[in-house]
Amino acid sequence: ELQYIHTGLVSALLIAADRVDMVIGGCGTGQGYMNSVMQYRGVVCGHLLTPLDAFLFARINAGNVVALALNQGWGWAGDVNLRMLFDQLFTDDRAGGFPPHRADPQAASRDLLKTVGEASHRCMAGTIKRLPEELLIPAITHPAAAAALGFMPGKNEAVLAALKQATRDSVPRVRHEASIAMAKIKGSFKN
């Protein structure tokens, strides 16, 4: 069973490998998942509870990961709230700023934050090499994650090489489990 620390890693891998443009994830409160995924370079995560959060996140932060509180606020009319949240998140006015006259300084802040993240976080391939096996192997060998991470030619080859090396260097039992999961992905991890 994967915990938010694993799903945060899988989300960051999907972003780093250019498999997706955005990941929607979460946990009970959304806070654990958000903290997990934000440990990785190239991730800009918003914790969204309301359609207003989504409206502002899409226009101001223009991030690539959303953390939802999966155990809060989804009772009566929760489906309406979620639909409205996604309507505001997936807008044509992404990164357009709000209010509109603040678009330029908000874009400058996004660029500066990206520079800070690049300076303070390792590249994903380097991160993979340093992650504890008890986090990495369960995350990348979970059937859903392995299927989503099935790298295609032309994607981030450094991330692919680091994942291949991680499964080779792991203890034999874990390596066996990883090879079984990896073999289920059509065309993945071929030399």
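Buried here means under 20% relative accessible area, exposed means over 50%, and partly exposed is in between. Keep that cut-off handy, and remember that this is a predicted model.

**Exercise 1. Get an overview of the fold and of how much of the chain is buried.**

Step 1: Count the elements. The protein chain has 10 helices and three strands.

Step 2: Read their order. Starting at the N terminus, you get α-β-α-β-α-β-α-α-α-α-α-α-α.

Step 3: Apply the burial cut-off. The chain has 191 residues, and 42% of them count as buried.

**Exercise 2. Describe the largest pocket and work out which element gives the largest share of its lining.**

Step 1: Start with the space. The largest pocket holds about 650 Å³. Its lining is made of 25 residues, and Val-43, Val-44, Arg-110, Leu-113 and Lys-114 are the closest to the centre.

Step 2: Look at the elements. Those that give two or more residues to this lining are α3 (51-61) and α5 (103-120). The largest share belongs to α5, with 10 residues.

Step 3: Sort the lining by chemistry. You should end up with 10 nonpolar, nine polar and six charged residues.

**Exercise 3. Find the nonpolar surface patch and classify Leu-112 as buried or exposed.**

Step 1: Pick out the members. Leu-112, Leu-113 and Val-116 make up a nonpolar patch on the surface, and together they have about 300 Å² of accessible area.

Step 2: Place Leu-112. This residue sits in helix α5.

Step 3: Check the number. Leu-112 has 56% relative accessibility, so it counts as exposed.

**Exercise 4. List the salt bridges and say what parts of the chain each one joins.**

Step 1: Get the count. There are two salt bridges, taking a side-chain nitrogen of Lys or Arg within 4 Å of a carboxyl oxygen of Asp or Glu.

Step 2: Take Asp-93 and Arg-59. Their side chains meet at 3.5 Å, N to O. Asp-93 is in the loop between α4 and α5 while Arg-59 is in helix α3, so this pair ties together parts 34 residues apart in sequence. As for cover, Arg-59 is buried at 8% relative accessible area, whereas Asp-93 is partly exposed at 36%.

Step 3: Turn to Arg-83 and Asp-79. Here the N to O distance is 3.7 Å. Both residues lie in helix α4, four residues apart, or about one turn of the helix. Arg-83 comes out as partly exposed, with 47% relative accessibility.

**Exercise 5. Hunt for backbone oddities, and see what the loop between α4 and α5 has to offer.**

Step 1: Check the peptide bonds. The one from Phe-98 to Pro-99 is cis, with omega near -10°. Pro-99 belongs to the loop between α4 and α5, and Phe-98 is found in that loop too, where α4 covers 78-89.

Step 2: See what Phe-98 comes up against. Its C-alpha is 6.2 Å from that of Ile-60, although the two are 38 residues apart in sequence. With 36% relative accessibility, Phe-98 counts as partly exposed.

Step 3: Scan phi. Ala-95 is not a glycine, yet its phi is positive, about 65°. Ala-95 also lies in the loop between α4 and α5, and at 31% relative accessibility it is partly exposed.

Step 4: Look elsewhere in the chain. Asp-18, again not a glycine, has a positive phi of about 60°. This residue is in the loop between α1 (4-16) and β1 (23-27). Asp-18 counts as exposed because its relative accessibility is 52%.

Methods. Residues are numbered from 1 along each chain as its sequence is written. This is a predicted model: local features need pLDDT of at least 70, side-chain atom pairs count only at pLDDT 80 or more; totals for chains, interfaces and linings use all residues. Side-chain values use heavy atoms; hydrogens and water are left out. On a 1 Å grid over the protein atoms alone, a cavity is a set of points where a 1.4 Å probe fits but cannot get out, and a pocket is an open set with protein on both sides within 12 Å along at least five of seven lines; lining residues have an atom within 4 Å of a point. Grid points are joined across faces, edges and corners, and a volume is the space filled by probe spheres set on the points. Ala, Val, Leu, Ile, Met, Phe, Trp, Tyr, Cys and Pro count as nonpolar, Asp, Glu, Lys and Arg as charged, and the others, Gly among them, as polar. Patches are made of residues with over 30% relative accessible area and no salt bridge: like charges are joined within 9 Å, nonpolar side chains (Val, Leu, Ile, Met, Phe, Trp, Tyr) within 5 Å. Accessible areas come from the Shrake-Rupley method with a 1.4 Å probe; for residues, only the protein chains shown count as cover. Buried means under 20% relative accessible area, exposed over 50%, partly exposed in between (1.4 Å probe, protein chains only).
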